[in-house]
Amino acid sequence: MMRITNTSCELHAPAPMAASCTLNSPVGTLWLGASENGLMALKAAPFTDAPMCHSQQAVNRAEGHLAAACTQLAEFFDGKRHQFDLALAPKGTEFQRAVWQALLALPWGETASYSEIAHQIHRPKAVRAVGAANGANPVAIIIPCHRVIGKGGALTGYAWGLEMKASLLKLESAIPLLL
């Protein structure tokens with residue numbers, strides 16, 4: 001099997017949200033938010049915070065990040081895209097960002113356990129913290145936290161629910177690998 005990673009996505013410094021939009025998808029309505037540095041949020045529920053006032057240049061950059069994300073997500077849901085190429089700017093601690101960077105290296109259609117991610121970031125005893133960082137991922141789907149499963153291969157917690165996690169893994173043909 002050819003290994004396809006998300007390494008085209010780069011994590012940039014977080015900045016306040018400058019623009020937001022919604023996207024209708026096969027898994028329901030998605031809410032996206034971007035700063036001038038990149039996509040900072042992709043959620044299955046409306047934002048509780050609104051974009052802040054910014055320069056027109058910052059808004060234009062944020063809207064460009066949103067347009068690219070919406071196009072690539074539509075291609076992903078159509079099965080035409082297996083790798084995202086986006087600037088990402090999620091807010092998180094240094095540890096969370098290390099976990100999210102490791103998640104970006106998980107190829108489309110493959111899964112890893114929480115302990116494998118902990119080993120990958122050279123923190124083998126931080127399995128629970130990896131789970132917490134996974135759950136705090138603000139850019140779901142693109143930072144593929146849905147590809148992390150229990151060590152025994154079972155579907156485990158997912159912020160959007162196990163049904164959504166199973167749908168995303170099925171889309172990526174990863175579900176048969178779990179059976």
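Start by selecting α2 and whatever packs around it: the cover over its buried residues includes β1 (10-11), β5 (87-88), α3, α4 and β7 (148-149). Keep in mind that this is a predicted model.

**Stop 1: helix α2**

Colour α2 by burial. Eight of its eleven residues are buried, so the helix is mostly covered. Select F95, Q96, R97, V99, W100, A102, L103 and L104 to see the buried residues of α2. Now colour by pLDDT instead. Among the elements of the chain, α2 has the highest mean, 96, and helix α6 (residues 175-178) has the lowest, 54. Where pLDDT is low, the predicted coordinates should not be read in detail. The average pLDDT of the chain is 88, and 93% of the residues score at least 70.

**Stop 2: the whole chain**

Zoom out and show the cartoon. How many helices and strands does the secondary structure of the chain come to? There are six helices and seven strands. Following the sequence from its start, you pass through the pattern β-β-β-β-α-β-α-β-α-α-β-α-α. The radius of gyration is 16 Å, close to the 16 Å that the globule rule gives for 179 residues, so the chain is as compact as a globular protein of that length. Along the principal axes, the C-alpha atoms fill a box of roughly 50 × 35 × 30 Å.

Two more values describe how the chain is packed. Of its 179 residues, 46% count as buried. Among contacts with a separation of 6 or more, 65% are between residues 24 or more positions apart.

**Stop 3: the nonpolar core**

Select L32, L88 and I142. In the largest nonpolar core, which has 46 residues, these three touch the most other members. At least two residues of this core come from each of β2 (19-25), β3, β4 (38-43), α1 (56-77), α2 (94-104), α3 (114-120), α4 (127-135) and α5. Which element gives the most to this core? That is α1, with seven residues.

Stay on L88 and show its surroundings. Apart from neighbours within four places in sequence, L88 is in contact with C9, E10, L11, H12, G38, L39, L104, V139, I142 and I143. L104 in that list is one of the buried residues of α2 from the opening stop.

**Stop 4: the aromatic rings**

The whole structure holds three aromatic pairs. Select F76 and F77 for one of them. Their ring centres are 5.3 Å apart and their planes stand at 75 degrees; an angle over 60 counts as edge-to-face, so this pair is edge-to-face. F76 counts as buried because its relative accessibility is 1%. F77, at 11% relative accessibility, counts as buried too.

Add F84 to the selection. F76 and F84 form a tilted aromatic pair, at 5.4 Å centre to centre with 35 degrees between the planes. F84 is buried, and so is F76. Together, F76, F77 and F84 form one aromatic cluster.

**Stop 5: S35 in strand β3**

Select S35, which is found in strand β3 (residues 28-35). Its relative accessible area is 0%, so S35 is buried. Draw a distance from its side chain: a polar atom there lies 3.0 Å from the backbone nitrogen of N37. What is S35 in contact with, leaving aside its neighbours within four places in sequence? The residues are A15, P16, M17, A18, M40, A62, H65 and A89.

**Stop 6: two positive phi angles**

Most residues other than glycine have a negative phi, and most peptide bonds are trans. Select H122, in the loop between α3 and α4. Phi of H122 is positive, near 65 degrees, in a residue other than glycine. Then select I141, in the loop between α4 and β7. Its phi is also a positive value, near 70 degrees.

Is each of these residues buried or exposed? H122 is exposed, with a relative accessible area of 69%. I141, at 0% relative accessibility, counts as buried.

**Stop 7: E163 on helix α5**

End at E163, in helix α5 (residues 162-171). E163 counts as exposed, with 69% relative accessibility. Now draw a C-alpha to C-alpha distance from E163 to D78. The two are 85 residues apart in sequence and 19 Å apart in space.

Note on methods: Residues are numbered from 1 along each chain as its sequence is written. This is a predicted model: local features need pLDDT of at least 70, side-chain atom pairs count only at pLDDT 80 or more; totals for chains, interfaces and linings use all residues. Side-chain values use heavy atoms; hydrogens and water are left out. Helices (H or I, at least four residues) and strands (E, at least two) are DSSP runs, numbered from the N terminus. Buried means under 20% relative accessible area, exposed over 50%, partly exposed in between (1.4 Å probe, protein chains only). A polar contact is a pair of N or O atoms within 3.5 Å; within protein, one must be able to donate a hydrogen and the other to accept it, and residues adjacent in sequence count only if both atoms are side-chain atoms. Contact means heavy atoms within 4.5 Å. A nonpolar core is a set of buried Ala, Val, Leu, Ile, Met, Phe, Trp, Tyr and Cys residues joined through side-chain atoms within 4.5 Å. Rings of Phe, Tyr and Trp (its six-membered ring) pair if their centres lie within 6.5 Å; planes under 30 degrees apart count as stacked, over 60 as edge-to-face and the rest as tilted. pLDDT is the predictor's confidence in each residue, from 0 to 100. The radius of gyration is taken over C-alpha atoms; the globule rule is 2.2 Å times the number of residues to the power 0.38.
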